[in-house]
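Okay, thanks for coming, everyone. I'd like to walk you through a structure that is new to most of us, so let me put it up on the screen.

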Amino acid sequence: MRVESTPCPDPEHVAGFVARTLGADGIAQLDAHIADCTACRKLVFALAHEPAGVVHGPALGPDSTGVVHAPAFALDSASALHVPTRLGRFEILDVIGQGSMGIVYRARDPELDRIVAIKARRDRSKLAAAAEERLRREARALARLDHPNVVSVHEMGTDAGVAYLAMEYVEGVTLAGWLQTAPSRAAIVELVVAAGRGLAAAHARGLIHRDFKPSNVLVSTTGVPKVGDFGLVRVDRVVEAASSGDHGELTMTSAGSLVGTPAYMAPEQLRGAVATEASDQFAFCVTLYEALYARRPFAGDTVAELVAAIERGPRFPAAPRVAGRIRRALERGLAADPGRRFASMDALLAKLSTRWNRAAWLGAVAAAGVAVTAIALASGAGGGVAPCSGSDAHVRDAWNGTRASAAERAFAATKLPYAGATWAQVKAGLDGYAAAWSTAHEGACLAGKRGETSPEVLDARMQCLDHRLDELRAFGDALVVADPAVVRRATRALGSLAPIDRCLDLDVNLARLAPPADPATRAAVDQLRRDLAGARITLDTGKLDAALAAVTPLVAKARTLGYAPVLAEALFVLGHAHTELEQGADARAALDEAARTAYAARHDEIAARAWIDLTYAAYQHRD
């Protein structure tokens, strides 16, 4: 018996499927049809696709996926692109992107005198409902988010029946364009992880992106990645109801509907299931894999072939060589079973981050039963007893109102949207650090005068406090000339400043780390430690190559001085720099020498920290 195929529905019916205006029966029927009809499936994907749209440059078209190609329909003459001079109050300047359902303009907001991106629906009756609903959904989704790694929305409006969305204008390139600059693998991971934080922020607000891919990650000219194109967003019903009292699910499709870009879609999406945070995590890992290896982890010309490839699991090329921890994180994030992926984007990002939380690692080591005696470093410039009344004057030399004002101007000059908030947080932290230093310095001085501590312990405490002051001064030096990279790392660098209170925990045993007896050698050691403080701050503010270039000659200089404690300190910073740059062999060599040198010199804190970091480096770079 001959079985006749079901005729293809008209484009308006398919548009209703995409826009969720069909009833349940219509959805089920069309879903069954597109499972076997490549042409209609391509049409659904084409209607669901939107360009990134907020990147300055030539018009952006759909990226090749191996499954979806050109839209399976032709635009008639009524669909020809017409560029208006205005939309609402916005003055249209030019077209920067267009797709099957929307156009993106660069425009000027005359009221606020700023450039914005305007996403408007195409004026086509068959798809008007789908496009307008998508714009409303995107506006509602973005209005919930206020994050430096998410494109911000300004407002939504309608002009002469044309719905539009005014958004942040990001001047730069897509992630794919940024990769053409041949960044290092460490830079790639850092940038994609930053974009992942935007995705994690969306999840925290109950938003599932459902279409994360390289063309939806925008990299500004200042190097800040931003997640855009939330047109396919799904609002989690539970979170939505709890946060707003609105029990309506703002979703484009339900189970049985395929949206997004198949090459980046999780297998559950390809099978028609509802997308979840784990689905976004899968798309994120496909994107990172592609960025690192210049190819996608799975290939297939049909949905069935793509699902089969995913079920077989990803394969990792021998070249380029990527750190084992990155490969393991990607392998888990690309698991076919959502339950095998990470519990959240935050958990995945923690595994991928090129920087590590020393406090958390110390806690893990302690939990494993490794006893570490953290004795504060006795170092710095000089060891004389300062007058107890001069503490405030000492700290004001390193951090004061003039330097704070200069740093605030430098932060503002970066024009990063979160520069002001970051500066407020950093300033509050530094003011508190300076106050704590002054209190500790005065307290140590008074304890010495009262005879509560020996001269040796007092000298060790003052050297330690001088070293903390060197760090504060070096951090201030970095802030007053802050660029976008420093702003992005400023809060993290603030948290890396050595604790003040450890200087007051020193006991007489640290007196054995007496400075060199020769005045010239002592002066050279003091200067070297100040230079090391600057190199470490450079490292903590994210300028990894500059930090390595700064600390390498300092290690050579420390060797010539013949003072083992400062050599151990320099080697430790060198090992930290190699670790951050994912140079495993060099990191292990420097940290091993730092640990052995410090142990021989009875420099307990550096010995303990070097052994811990060496253990971490061995774990981080194991294959």
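**A first walk through the model**

So, of the 623 residues in this protein, 54% count as buried. Keep in mind as we go that this is a predicted model. The secondary structure adds up to 23 helices and 11 strands. If you look at contacts between residues with a separation of 6 or more, 69% of them are between residues 24 or more positions apart. And for the outside, the accessible surface is about 25,800 Å², with 54% of that belonging to carbon and sulfur atoms.

Let's start with some strands. Find D109, which sits in strand β3, residues 102–109. Is D109 buried or exposed? D109 has a relative accessible area of 1%, so it counts as buried, the cut-off being under 20%. Its side chain has a polar atom 3.1 Å from the backbone nitrogen of E111. Leaving aside residues up to four places away in sequence, D109 touches R89, F90, R114 and V116.

Now move along to β5 and β6. Strand β5 covers residues 153–159, and it pairs with β6 in the antiparallel sense over 6 bridges. If you want one bridge to click on, take G157, whose partner in β6 is Y164. The two strands make a hairpin with 2 residues between them, and in that turn A160 has a positive phi of about 55°. As for β6 itself, residues 162–168, 7 of its 7 residues are buried, so the rest of the structure largely encloses this strand.

Okay, on to the aromatics. How many aromatic pairs does the structure hold? There are 8 of them. The one I'd like to show you is F282 with F298, a stacked pair at 5.9 Å centre to centre, with 10° between the planes. That pair links distant parts of the chain: F282 is in helix α9, residues 277–293, while F298 is in the loop between α9 and α10, 16 residues apart. Both rings belong to buried residues, F282 at 0% relative accessible area and F298 at 6%. There's also an aromatic cluster, made of Y289, Y293 and F316.

While we're in that loop between α9 and α10, have a look at A294. It isn't a glycine, yet its phi is positive, at about 60°. And where F298 is buried, A294 counts as exposed, with 71% relative accessibility.

Next comes helix α10, residues 303–312, where the buried residues are V303, L306, V307, A309 and I310. Why do we say they line one face of the helix? Looking down the axis of α10, the buried residues fall within an arc of 160°, so they share one face. Turn to the face pointing away from that buried side and you'll see the exposed residues A304 and R312. Right after α10 comes G313, with a positive phi near 95°.

Carry on into the loop between α10 and α11 and you reach P320. A cis peptide bond joins A319 and P320, with omega at about 0°.

The last big stop is helix α17, residues 455–479, where you'll find A478. E471 lies in α17 too. Let's take E471 to begin with: it is buried, at 4% relative accessibility. A polar atom of the E471 side chain lies 3.3 Å from the backbone nitrogen of A498. What does E471 touch, if we skip residues up to four places away in sequence? The list is L497, A498, A533, R536 and I537. E471 and R536 are 65 residues apart along the chain, with 8.4 Å between their C-alpha atoms.

A478 is buried as well, with a relative accessible area of 17%. With that sequence filter on, A478 touches V486 and I537, and I537 is also among the contacts of E471. Then there's A407, 71 residues from A478 along the chain, and here the C-alpha atoms are separated by 8.5 Å.

One more backbone spot before we stop. E582 is in the loop between α21 and α22. E582 has a positive phi of about 60°, although it is not a glycine. That's the tour, so let's open it up for discussion.

Notes. Residues are numbered from 1 along each chain as its sequence is written. This is a predicted model: local features need pLDDT of at least 70, side-chain atom pairs count only at pLDDT 80 or more; totals for chains, interfaces and linings use all residues. Side-chain values use heavy atoms; hydrogens and water are left out. Buried means under 20% relative accessible area, exposed over 50%, partly exposed in between (1.4 Å probe, protein chains only). Helices (H or I, at least four residues) and strands (E, at least two) are DSSP runs, numbered from the N terminus. The arc is that of the directions from the helix axis to the C-beta atoms. Two strands pair if DSSP finds at least two bridges between them. Contact means heavy atoms within 4.5 Å. Accessible areas come from the Shrake-Rupley method with a 1.4 Å probe; for residues, only the protein chains shown count as cover. A polar contact is a pair of N or O atoms within 3.5 Å; within protein, one must be able to donate a hydrogen and the other to accept it, and residues adjacent in sequence count only if both atoms are side-chain atoms. Rings of Phe, Tyr and Trp (its six-membered ring) pair if their centres lie within 6.5 Å; planes under 30 degrees apart count as stacked, over 60 as edge-to-face and the rest as tilted.
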